[in-house]
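Welcome! Have the sequence and the 3D view open, and try each exercise before reading its solution.

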Amino acid sequence: MSEPAAPRSLSPAVRRGLRRTARGIAAALATLALAACGTANGALRPEPSTTAPASPAPAPASPTAAPSSAAPAPASPEPAPTPTAATSTPAPPPAVSPTTGVPTAVVHSTASGGRTVALTFDDGPGPATGQVLDLLAQYGARATFCVIGKQAAADPAAVQRILAAGHRLCDHTVDHPQPFAALPHDRAEHEIADARQMIVRAGGPGTAVGWFRAPGGAFTADNRTIAADHGLRPLGWSVDPRDWSRPGTAAIVAAVQAQLKPGGVVLLHDGGGDRTQTVAALRQLLPWLTAQGYRFDLPAD
Ligand SMILES: [Zn+2]
């Protein structure tokens, strides 16, 4: 008989060990799922309006909380949600960082207004970044790339290509933890400040990172202030076709066409999973925008 013994025949100590191992595997899987934001768990990764916290987002699985299979599980069976998230009535942040003078208000529009549009690409660099850059170059479009620190570190050539093409960089945290608004201050500080350093290191000396975008748009008074203290302006959006959820190329195109108003900031993704639909939508949107008389601009800083 090669079948394992039925669990009821195991001693209580062995059953406890099996439960610990199962919890360890579950935690490790949760961490893996988070590492690829918007991929398999795309439905769990809402990108709501930038002023609202991402309330339905899944519980965070801190990378440090994933035990190795050999380590005993912590006493608490579930990673307890932080009870002090207090996203409902946060104290207002200062208008500008007292240390850098950078405003803390979230930007939702282009620099020059008028018939302009700011394209932004999140969660890269990834496999689609090169295709996005090629398309943007065809139309002479400048864009802003909200890159994830760990991915920038893993692919510095992509960051350098973004810079060489004249695009701008935005800090999108070290590894995109969600719900971002629930992170304690020190963890949020690490995610923002360390990502900035990783992006600068990837881009090379003199790399400018002027923006911060919270994962899921989960801005809080606290993380906006942290960002501004590090010279990063919070960057929101006004057009969200939810391309990360892969609704179909036509749906992405239609949503942008329906939501966009002059001066708008469009949220798209060049990372976080298969971006075939996003690239195909961009291939249609760039000529449409041009035909509509839009100029490609940067967000208002
Ligand atoms: Zn993101």
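The exercises below look at nonpolar cores and salt bridges in this predicted model.

**Exercise 1. Find which residues touch the most other members of the largest nonpolar core, and which helix gives the most to this core.**

Solution.
- Step 1: Start with the core itself, which has 47 residues.
- Step 2: Within this core, the residues touching the most other members are Leu119, Phe121, Leu136 and Phe145.
- Step 3: Now turn to the helices. Helix α8, residues 276-291, gives the most to this core, with six residues.
- Step 4: Take a look elsewhere, too. A separate, second core has six residues, including Cys146, Cys170, Trp211 and Leu235.

A general idea to keep in mind is that nonpolar side chains in soluble globular proteins tend to be buried together.

**Exercise 2. Leaving aside neighbours within four places in sequence, list the residues in contact with Leu119.**

Solution.
- Step 1: Skip the neighbours within four places of Leu119 in sequence.
- Step 2: The contacts of Leu119 are then Leu136, Ala143, Thr144, Val266, Leu282, Leu286, Leu289, Phe296 and Asp297.

**Exercise 3. Describe the salt bridge between Asp122 and Arg213: where does each residue lie, and is Asp122 buried or exposed?**

Solution.
- Step 1: Check the distance. The closest N and O atoms of Asp122 and Arg213 are 2.7 Å apart.
- Step 2: Place both residues. Asp122 sits in strand β1 (residues 116-124), while Arg213 sits in the loop between β4 (209-212) and α6 (221-229). The pair links distant parts of the chain, 91 residues apart.
- Step 3: Compare with the cut-off for buried, under 20% relative accessible area. Asp122 has 0%, so Asp122 is buried. Arg213 has 0%, so Arg213 is buried as well.

**Exercise 4. Work out which residues salt bridges with shared partners join into one network.**

Solution.
- Step 1: Asp175 pairs with Lys150, with 3.5 Å between the closest N and O atoms. Asp175 lies in the loop between β3 (168-171) and α5 (185-203) and Lys150 in helix α3 (residues 149-154), so this bridge ties together parts 25 residues apart in sequence.
- Step 2: Asp175 is buried at 17% relative accessible area, whereas Lys150 is partly exposed at 45%.
- Step 3: Glu191 and Arg187 form a salt bridge, 3.0 Å from N to O. Both are in helix α5, four residues apart, so about one helical turn separates them. Glu191 is buried, with a relative accessible area of 1%.
- Step 4: Put together, the network consists of Lys150, Asp175, Arg187 and Glu191.

Definitions and conventions. Residues are numbered from 1 along each chain as its sequence is written. This is a predicted model: local features need pLDDT of at least 70, side-chain atom pairs count only at pLDDT 80 or more; totals for chains, interfaces and linings use all residues. Side-chain values use heavy atoms; hydrogens and water are left out. A nonpolar core is a set of buried Ala, Val, Leu, Ile, Met, Phe, Trp, Tyr and Cys residues joined through side-chain atoms within 4.5 Å. Buried means under 20% relative accessible area, exposed over 50%, partly exposed in between (1.4 Å probe, protein chains only). Helices (H or I, at least four residues) and strands (E, at least two) are DSSP runs, numbered from the N terminus. Contact means heavy atoms within 4.5 Å. A salt bridge is a side-chain nitrogen of Lys or Arg within 4 Å of a carboxyl oxygen of Asp or Glu.
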